[in-house]
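Here is a short briefing for a newcomer. Look at the sequence and the model first, then read on.

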Amino acid sequence: LGCGFATFNNWIFNFIVSYTAPIAQNRIGFAGNMMIYAVLMLLSCPLLFFLMPETKGVPLEEMEEKFNVPLKTYVKNNA
């Protein structure tokens, strides 16, 4: 299920970038277009930092316990 979700997201976001890049480039130019994508990337970094914990060396059972809580509780415990 997780692999399928990741593949779906990859396809959707590739479509969004492929569809919007030529339109944005014609309207705001190449530099403006890349700035929009750079800002979106920078905004996603804190989300990844707070929502994706380090799992190196963590047993599968512990990861299951860590991820098996509601999102609000998970963010509160890892912030």
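The accessible surface of the protein comes to about 7,000 Å² (Shrake-Rupley method, 1.4 Å probe). Carbon and sulfur atoms account for 71% of that surface. This is a predicted model: local features need pLDDT of at least 70, side-chain atom pairs count only at pLDDT 80 or more, and totals for chains, interfaces and linings use all residues. Residues are numbered from 1 along each chain as its sequence is written, and side-chain values use heavy atoms, with hydrogens and water left out.

**Fold and overall form**
- The protein has three helices and zero strands (DSSP runs: helices H or I of at least four residues, strands E of at least two).
- The radius of gyration, taken over C-alpha atoms, is 17 Å, well over the 12 Å from the globule rule (2.2 Å times the number of residues to the power 0.38) for 79 residues, so the protein is more spread out than a compact globule.
- Its C-alpha trace spans about 50 × 25 × 25 Å along the principal axes.

**Burial**
- Of the 79 residues, 6% are buried (under 20% relative accessible area, 1.4 Å probe, protein chains only).

**Phe-5**
- Phe-5 sits in helix α1, which covers residues 2-51.
- Its relative accessibility is 54%, so Phe-5 counts as exposed (over 50%).

**Charges**
- The 5 positive charges (Lys and Arg, placed at NZ and CZ) and 5 negative charges (Asp and Glu, placed at CG and CD) have mean positions 18 Å apart; His and the chain ends are not counted.
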